[in-house]
Each structure stands twice: as C-alpha cells, then as structure tokens.
Amino acid sequence: LQLVFLLISISYVYSYINPLRLFTNTYIKSSNNINKQTNDNNLVLNAQIGTFGSKLLPSYTEEELADLFKEFNITNFDFQNDPEILKWSPSKEFFEKFGFQNNTERYSRKVSDVKKDFYSAYTKPILPQYKTFVADLLAVTSIQIVDSRYKYDAIHAFGLCTQYYTVMKGYPIQEEIDVIFNEFTKAAGLDGVKIRDDAKRILGLVKDTNLTEDDVLNATEGEIATIFQSLRANRFFKYTDAWGVGLGRIMELIGVEPNATSFEKWSKNLRWIFAPRLVQTWDEFCADQLRMQGVESMQKQLLIREKKRAAARLEKKASEFDDKKKALIEINKLIEERRNELIEEQKVLKKKYEPDEYERILLAENK
C-alpha cells in the first residue's frame, strides 16, 4: 500500500510540473519579445534624434563626443555650430541630392568605356611620349566629372585647356593637336569647342584687366566673381584637378605665385576648396610640364643629331660625286688619247697599202 501511494504521489507531482514549465517558457518568450520591441523603439527614437541629426549615427552626449574626439586632438568644440564639424557631418541634404544617383546610365560608364570610345574615334597613332599623358588626363577627367556633384564652369574649361595645351604644344604634328582634344573631350562627355571658347574668354578677362589679388577675391560682378560666389554657397562643391589648375593659372596671370601660402589664403576665401589639394594638383601639373620639357629637349637634340647625320651623308655623297667626276674626266682623256693613237695607226696603214685613200683622208682633214 505504501508503494502504491508513493507512485500515485509521484505521478501527481509530474502532472503539475509540465504545465508549470510550459507556462514559464511562454512567459519568458513573451517578456523577451516585449523587451526587444522596446529596444527597437528606443533605437528608432535615438536615430531620429541622433548625433548631427543623422540616422546613421547613434545618439551621443557632448561629453561622450568630447571623449571620442580626444584621440584627434579635438577637445573644445560646439558640435552644433562649429563649421569644421558641420562641414563633414552626415547631411540629409547631401543624401537627398546625390545619394541615389548611382544607378543612372551616366554612372554605368567605366574608364575603359571612355578610352574605348576615344580610340575608336581617333584611330591615328599618338606618339609614345604623349600617349601616356593623354590616357592619364582622359581617365582622371572622366572619373572626376562623372560625380553627381560636378558642375561645369568656365574655370574648369580654362584649367583643362591649360593642362592639355601646355603639354601638347610640342606635339610634332601640329594640325592634330585640336583634333585629339575634340575627340578626347567628346569621349569624356564634354564639348571641346565650348571648352576652348570658355577658356579663351577667361584668359581674355584676366589679361585685359589690371586686377590685384584682393580685387579678384572680393569682386561682386563678372563671370569669375559669379563662379566664386557660387562656390562659397555650395558646401557640396566637386573639386577637380582641372579646376585647381585653372585657379592656379589665374593666380599666375594676376601676379600671384601659386604656392602653399597663397593657396591657403584663396582657399579660406573660397571656403569649400582646400589648400593641400590645390598644392598637390599644382605640383602634379608642374611635374608634367617639366617631364614634357625634358621630352621636347630630347626631341630637339635628336632632331639636331639627325640633321647633322643627314648633312654628313650629303657631304659624303658630294665628295664621292667629285671623285667620280674626276675619274670620268681621266677616263675620257685616256679614251681620247687612245682614239688619236688608233687614227695615226690607221693613217700609217693607209699610206703604206692604200695611197689613194690616204690622200683622200688628208684632203678631208685640210678642209
């Protein structure tokens, strides 16, 4: 009886434990779901009021940001108003303007497609010493202007012409320089004729006016002033190497030496371009010039050497001709002497064996 009672008690206890386990597991799962939903709601709320108003960054307090930026020696700042921070902050305006333009046909073209279009249009061979320069300029130009932030202006045209014609002016086949430029710009998606016209207009504006550095930077009227004002108002300005070269060339024309100090002054005035990038662009442009000057100097030396060799060959031919002429004169003299000897021998024979014929020959000579 005791054994039977024990078995009944055990079965009763187990029958109670299983429903309790089921209830406990259900309660735990429900609690986890509630906590997860609460955390998700908190994350969404935090994202809406995140740092710099961005949905990509979590929410930080000013003290937390200060700790984060200590590593970069930024210890005292107003992260709501400091332009140096706002300049780099994730921007809703940026993503609204440019964030979803990567799926266009414009972005589908690669550098290889641009080069293929160029070499299909211009089938003549480019001299090896210039081919690398043209290919590099084509690649850099196509990469920089495909950016959705890029906007064409006359300073970019002026800089592109300065880059191209400064190097290509020494191209031996002068009539092909403009042809190559037209096909080069067409492959990149630009208009070569318009670029040349805009560049000439900017060159005329700078050369025809006696403006100082401050006059140019503080001007409120004119094409260059309009471009500068547009740049100052555009925090998303797309800088290109051609634009930097154009700005450096304008500085040169008004008597300002393009260097780190002058670029620093101009970049602060123009606000959304930066001195280190300007210095890098100008140094690369000057290096291209020096390299091509070396190539042109080598070409001139080779040309002079070839002309000297050609002159030596002509001189040798002339001396050989004189030698041949003298030899021919000597041969003619010998032939004439031998002819006279044969005539005298004929006369002797005629006189001995044909006297009548001999007399007739004498009469003919006397006449």
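## A walk through an all-helix chain

Among contacts in the chain between residues at least 6 apart in sequence, 66% join residues at least 24 apart, where a contact means heavy atoms within 4.5 Å. Please keep in mind that this is a predicted model, in which local features need pLDDT of at least 70 and side-chain atom pairs count only at pLDDT 80 or more, while totals for chains, interfaces and linings use all residues. Residues are numbered from 1 along each chain as its sequence is written, and side-chain values use heavy atoms, with hydrogens and water left out.

The chain has 16 helices and zero strands; these are DSSP runs numbered from the N terminus, with helices being H or I of at least four residues and strands E of at least two. Of the 367 residues in the chain, 29% are buried. Here buried means under 20% relative accessible area, exposed means over 50%, and partly exposed lies in between, using a 1.4 Å probe and protein chains only.

Let us start with helix α6 (residues 111-121), where you will find lysine 115. With a relative accessible area of 28%, lysine 115 is partly exposed. Setting aside residues up to four places away in sequence, lysine 115 touches Ala135, Leu138 and Ala139. The last of these shows how the chain comes back on itself: lysine 115 and alanine 139 are 24 residues apart in sequence, and their C-alpha atoms are 7.7 Å apart in space.

Next comes serine 142, which sits in helix α7 (residues 128-145). Its relative accessible area is 9%, so serine 142 is buried. Beyond its neighbours within four places in sequence, serine 142 is in contact with Val111 and Val114.

Now to helix packing. Two packed helices are described by the angle between their axes and the distance between the axes. Helix α8 (residues 154-168) and helix α13 (residues 241-253) have axes that come within 7 Å and cross at roughly 85°. Axes here are lines fitted to C-alpha atoms, for helices over the stretch in contact, and angles run from 0 to 180 degrees between N-to-C directions. The two helices α8 and α13 are therefore roughly perpendicular to each other, given that angles under 35 degrees count as roughly parallel, over 145 as roughly antiparallel, 65 to 115 as roughly perpendicular and the rest as oblique. On the α8 side, the residues that meet α13 include Ile155, Phe158 and Leu160, and their counterparts in α13 include Trp243, Val245 and Leu247. By class, this contact of α8 with α13 has nine nonpolar, five polar and two charged residues. In this scheme Ala, Val, Leu, Ile, Met, Phe, Trp, Tyr, Cys and Pro count as nonpolar, Asp, Glu, Lys and Arg as charged, and the others, Gly among them, as polar.

A second crossing brings us to helix α14: α12 and α14 pack at an angle of about 70°, with their axes 8 Å apart. That angle makes α12 and α14 roughly perpendicular to each other too. Phe228, Leu231 and Arg232 in α12 meet Trp266, Asn269 and Leu270 in α14. The contact of α12 with α14 has four nonpolar, one polar and one charged residues by class.

Helix α14 (residues 260-270) deserves a closer look, for Ser262, Phe263, Trp266, Ser267 and Leu270 are buried there. These residues lie on the same side of α14 because they cover an arc of only 130° around the axis, the arc being that of the directions from the helix axis to the C-beta atoms. The cover over the buried residues of α14 includes α11 (213-218), α12 (223-232), α13 and α15 (275-353). On the other side of α14, Thr261 and Lys268 are exposed.

Lysine 265 also lies in α14, and at 37% relative accessibility it counts as partly exposed. Not counting residues up to four places away in sequence, lysine 265 touches Glu213, Asp214 and Leu217. Lysine 265 and alanine 275 are 10 residues apart in sequence and 8.3 Å apart in space, C-alpha to C-alpha.

Finally, consider the two ends of α14. At the start of α14, a side-chain oxygen of asparagine 259 reaches to within 3.2 Å of the backbone nitrogen of threonine 261. Just after α14, arginine 271 takes a positive phi of about 75°, although arginine 271 is not a glycine. Arginine 271 is placed in the loop between α14 and α15, and with a relative accessible area of 47% it is partly exposed.

Definitions and conventions. A polar contact is a pair of N or O atoms within 3.5 Å; within protein, one must be able to donate a hydrogen and the other to accept it, and residues adjacent in sequence count only if both atoms are side-chain atoms.
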